[in-house]
Amino acid sequence: MSKLRILYAATEIDPFLNTTKVAELLRRLPAGMQEMGCEIRIFVPRFGIINERKNRLHEVVRLSGINIAVGDDEKPLVIKVASIPTAKLQVYFIDNEDYFHRKSALVDKDDHFHADNDERAIFFCKGVLETVKKLGWSPNIVHCSDWMTGLIPLYLKTTYKKDPVFKDAKSVFSIYNNEFPDKFEGNILAKAKMLDIDDQMLNSLKTADFSGFVKIGMDYADTVVRSDEDFSDNLNGMFQEYASRKTLSQVATDENLHSSYLALYNELAN
């Protein structure tokens, strides 16, 4: 039997950036899956607070140079890679000068939310899928973690559905308690659109906020996992509504973490 191929897309990963539980899980889970015989690829945004020299990031020229459309704008995609110390894992960083060179992640030095965080998320989601296409590597599972990856399950079910690289891919969407109150500006539906996507498919995004990205991920993922955190009434309501239509996947968070996720991945892939 061929190796299970798992693509991880997330907002951050330890040790390059560690501000939430996402970073810790992304450090543990892929490493464990690799030890259990899976093939792994990991993608995160190259936020400007990640020190390139210290972490030995370098550009992969053969993967860079694609233009990614965000609404009417097209911006060049730059791919950088680095290895996780003490693990035989490479991390791919999605980069662009306009979106990711500021010395902060989601808020500036005065704690103001970046007005273009929606565009950065859209660029990231599209950039991940375009890079995997260029790699010619076909994942069985695409595991998306946190709000910023919420559009990937939609794109897999629409624009990339017939692409040979993604035709067998199943998506997992993990939700974390990283809620923010800020609203996005401009026409978010126009920015997020791709081939084979109409406005109705993007209805959940109309709230133009954190909930919109989470809802769209829940709408289109093959299964949803909630992290073991306390959630707001808003998110708990979303989970209850989802559970009335589909099953929330339960996974262990203790020493059985890896075997629990492997069982989930195998169930989806088979």
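Visitor: What makes the pair formed by the side chain of S104 and the backbone oxygen of V107 a polar contact?

Guide: In this predicted model, a polar atom of the S104 side chain lies 3.3 Å from the backbone oxygen of V107. The cut-off for a polar contact is 3.5 Å between N or O atoms, one able to donate a hydrogen and the other to accept it, so a pair at 3.3 Å falls within the distance limit.

Visitor: Which other side chain makes a polar contact with the side chain of S104?

Guide: The side chain of H114 does, at 2.8 Å. H114 also appears among the residues in contact with S104 beyond its neighbours within four places in sequence, a list that includes F47, G48, I49 and R120.

Visitor: Why is S104 called buried or exposed?

Guide: S104 has 9% relative accessibility. Buried means under 20%, so S104 counts as buried. S104 is found in the loop between α3 (97-100) and α4 (117-135).

Visitor: How do you know that β3 and β6 pair?

Guide: Pairing requires at least two bridges, and 2 bridges join β3 (residues 58-59) to β6 (residues 78-83), so these strands pair. They run antiparallel, and E59 has K80 in β6 as its bridge partner.

Visitor: What makes β6 and β7 a pair?

Guide: There are 6 bridges between β6 and β7 (residues 90-95). Because the requirement is at least two, β6 and β7 pair as well. These strands run antiparallel, and S83 stands opposite Q90 in β7. Their hairpin has 6 residues between the strands, and there T86 takes a positive phi near 70°.

Methods
Residues numbered from 1 in each chain as written. Predicted model: local features only at pLDDT ≥ 70, side-chain atom pairs only at ≥ 80, totals over all residues. Heavy atoms only, no water. Helix = DSSP H or I, 4+ residues; strand = E, 2+ residues; numbered from the N terminus. Buried < 20%, exposed > 50% of the residue type's maximum accessible area, 1.4 Å probe, protein only. Contact = heavy atoms within 4.5 Å.
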